[in-house]
Amino acid sequence: MLCVDDVRFRHEGTEFHYELYVPKGSITALIGPSGGGKSTLLDLIAGFLDPTSGRITIDGQDVTSVPPALRPVTSLFQDHNLFGHFDVFTNVALGIRPNARLSASERSMVNDSLARLGIGALGSRRPYELSGGERQRAALARCLVRKRPLLLLDEPFAALGPAMRRDFLDLVDELRREEALTVVLVTHQPEDAARIADRLAVLAGGTIIAVGPRAEIMANPPAILAEYLG
């Protein structure tokens, strides 16, 4: 589904080098020490950064030079990126059209997405009127209406308490199955990866040092991951 083929990127003297294959319909967790290159990898996949060499393909399509808005990718960050001057409905509608001028069927899609995320009654509220969990549900609803097959999650639930974080991870897993999504998740929490990830990619020093089924890697972790996990 996703193939990161010999992708290199240089920033302020640091060299990043990635080789990664993510199977369709899977959840792959990126884990490792801070500064290892996890978020940089997501930014390259999403198109927010341009590689110096290499190729990125999604479902066989070369997207290396495709602008972010045209890639079959949607991203969710720890900062939910909701617009404070718009209500929740409009924030989600922006995932369909930048001007939020929707057809009747598109408005129905937004309402269905809000209801699926458990915030159907909150569409008229502004983000500042919501709890942290509700804001992340709204941001996830916006991801859902975009109908992109690849979902990138850069620690979006890190600021939530353990119980709520587990609930969100389970929700992501449910949505992955319902919407036939492929998910790449950055996390510093091994329990998050253990909860929903099929596969692990261990990153350190700007490169992927191990990748494979989660159970296999956790049973025999590379030294840097064992040190990271303590």
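# Briefing: helices, strands and the largest pocket

The buried residues of α5 are covered by elements that include β3 (27–31), α3 (104–116), α4 (132–146), β7 (150–154), β8 (182–186) and α6 (190–196). This is a predicted model. The points below start from helix α5, then take up its neighbours, the largest pocket and some single residues.

**Helix α5**

- Helix α5 runs over residues 162–179 and has 18 residues.
- At 1.5 Å a residue it should span 26 Å, and its end C-alpha atoms are 25 Å apart, so the two values agree.
- Its buried residues are R165, F168, L169, L171, V172, D173, L175 and R176.
- A180 comes just after α5 and takes a positive phi of about 55 degrees.

**Helix α4**

- α4 has 15 residues. Its first and last C-alpha atoms are 22 Å apart, close to the 21 Å expected at 1.5 Å a residue.
- The buried residues of α4 are G133, Q136, A138, A139, L140, A141, R142, C143, L144 and V145.
- Their cover includes β6, α2 (88–93), α3, β7 and α5.
- α4 and α5 therefore appear in each other's cover: α4 is among the elements over the buried residues of α5, and α5 is among those over the buried residues of α4.
- Just after α4, K147 has a positive phi of about 55 degrees.

**Helix α1**

- Helix α1 covers residues 38–46, and seven of its nine residues are buried, so the rest of the structure largely encloses it.
- Those buried residues are K38, T40, L41, L42, L44, I45 and A46.
- G47 follows α1 and has a positive phi, near 95 degrees.

**Strand β3 and its partners**

- β3 is mostly covered, with five of its five residues buried.
- I27, A29 and I31 point one way from the strand, while T28 and L30 point the other way. Both sets are buried.
- β3 pairs with β8 in the parallel sense, over four bridges. In this pairing, I27 stands opposite V183 in β8.
- β3 also pairs with strand β9 (residues 199–204) in the parallel sense, over four bridges. Here I31 stands opposite V202 in β9.
- T28 lies in strand β3. Its relative accessible area is 0%, so it is buried.
- Beyond residues up to four places away in sequence, T28 touches V22, V183, V184, L185, R199 and A201.

**The largest pocket**

- The largest pocket holds about 400 Å³ of space.
- It is lined by 18 residues, and the closest to its centre are F48, T74, S75, R142 and R146.
- β6 (73–77) and α4 each supply at least two residues of the lining.
- β6 gives the largest share of the lining, five residues.
- By class, the lining has 11 nonpolar, four polar and three charged residues.
- One of the residues closest to the pocket centre, R142, is also listed among the buried residues of α4.

**F157 in the loop between β7 and α5**

- F157 is found in the loop between β7 and α5.
- Its relative accessible area is 3%, under the 20% cut-off, so F157 is buried.
- F157 and Q78 are 79 residues apart in sequence, but their C-alpha atoms are 6.2 Å apart in space.
- Leaving aside neighbours within four places in sequence, F157 is in contact with L76, Q136, R165, F168, L169 and V172.
- Of these contacts, R165, F168, L169 and V172 are among the buried residues of α5, and Q136 is among the buried residues of α4.

**Positive phi outside glycine**

- E155 is a residue other than glycine with a positive phi, near 50 degrees. Its place is in the loop between β7 and α5.
- D6 is not a glycine either, yet has a positive phi of about 50 degrees.
- D6 lies in strand β1 (residues 2–11).
- With a relative accessible area of 32%, D6 is partly exposed.

Terms used
Residues numbered from 1 in each chain as written. Predicted model: local features only at pLDDT ≥ 70, side-chain atom pairs only at ≥ 80, totals over all residues. Heavy atoms only, no water. Expected span 1.5 Å × (residues − 1). Buried < 20%, exposed > 50% of the residue type's maximum accessible area, 1.4 Å probe, protein only. Contact = heavy atoms within 4.5 Å. 1 Å grid on protein atoms, 1.4 Å probe; cavity = no way out; pocket = protein on both sides within 12 Å on 5 of 7 lines; lining within 4 Å. Points joined across faces, edges and corners; volume = space filled by probe spheres on them. Nonpolar A, V, L, I, M, F, W, Y, C, P; charged D, E, K, R; others polar. Pairing = 2+ DSSP bridges.
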